[in-house]
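Trainee: Could you take me through the place where the ligand sits, piece by piece? I would like the cut-offs behind each term as well.

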Amino acid sequence: MEAVIFDVDGTLVDSERHGHRVAFNLAFEAFGLPYRWDEEEYGRLLRTTGGQRRIEGYLSAKGVGEEERAALAPALHARKTAITTELIDAGVIEPRAGVVRLLGELSQGGCRLAVATTGSRTWVERVLATSLGSFFFEVVVTGDEVTARKPDPEAFAVALERLGLPAHRAVAVEDSAEGLVSAKGAGLACVVVANGYTVDHDLDAAELVLDGFGEPGQPATVLADRVESGCTGIVDMATLTSVWARAR
Ligand code: XBP
Ligand code: MG
């Protein structure tokens, strides 16, 4: 296992419920629009990856015409992105429990780190530099530089290409069904660390599924261990290496 490719939203950082969702709502407010996404509805909207696509789909469902949508969605999304970076600077978007421990272990163990996300580069770079600033992500593929967002495999395929590795030399860490399908499409073994929004997704294709990364004394629940990795609730370098070895 030479590299681990991480998803960002919902995986490295707890960003959706109190981060992006709030930013979308503040953008609607700034534009004088009546739309507000509550926590429950946002869970359904998340199934459309990419913020601008999410806005477009929603406006379409609200009956906003194509021409108006084509102008409004990019403008709303630009505002939303600016607000997201402000929320990051305010410390609202934090790493998930266990992420800092795991990244530290992987770095110390000589494992290369990469990111494959559908999020926009502006805020992704900001969150990596602030919340996860002590780690070096050698490759960062964002939604801006792919033509097809997850569940399409492009983001993971481009990450592998930039790492100069075939899929069997790396492992993906994801939180959602869309991310899992994307990682699998690129040929990667995949550990899914689900969260409140994604725990009910179809995660059957994942080698290992947990409800958190776990910390010493506070293990997460192993929801499925299809390769008998032996994980007891703490995702560490040994867990990822075991998944990688058994998935091949
Ligand atoms: C996450 C997303 C992102 C964020 C918002 O999907 O869909 O679009 O919700 O970021 P994944 P942007 O974790 O599978 O990458 O508004 O910048 O798109
Ligand atoms: Mg995600």
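Mentor: Happy to; here is a close look at the surroundings of ligand 1. This is a predicted model, in which local features need pLDDT of at least 70 and side-chain atom pairs count only at pLDDT 80 or more, while totals for chains, interfaces and linings use all residues. Residues are numbered from 1 along each chain as its sequence is written, chains are lettered from A and ligands numbered from 1 in the order in which they are written, and side-chain values use heavy atoms, with hydrogens and water left out.

Around ligand 1 there are 17 residues, the closest being G51, R54, H77, K80 and S120; a residue is near a molecule if one of its heavy atoms lies within 4 Å of it. Sorted by class, this shell holds two nonpolar, nine polar and six charged residues, where Asp, Glu, Lys and Arg count as charged, Ala, Val, Leu, Ile, Met, Phe, Trp, Tyr, Cys and Pro as nonpolar, and the others, Gly among them, as polar.

At least two shell residues come from each of α1 (16-30), α3 (51-61) and α4 (66-89); helices are DSSP runs (H or I, at least four residues), numbered from the N terminus. Domain 1 (3-14 + 93-247) and domain 2 (16-89) each give at least three residues to the shell, with bounds from an automatic or database domain assignment.

Now the polar contacts, pairs of N or O atoms within 3.5 Å. A polar side-chain atom of S120 is 2.6 Å from an oxygen atom of ligand 1. From the backbone, an N or O atom of G50 lies 2.8 Å from a ligand 1 oxygen, and a polar atom of D9 lies 3.2 Å from one. Of the 450 Å² of accessible area that ligand 1 has on its own, the protein covers 98%, by the Shrake-Rupley method with a 1.4 Å probe.

Terms used: Polar contact = N/O pair within 3.5 Å; in protein donor to acceptor, adjacent residues only side chain to side chain.
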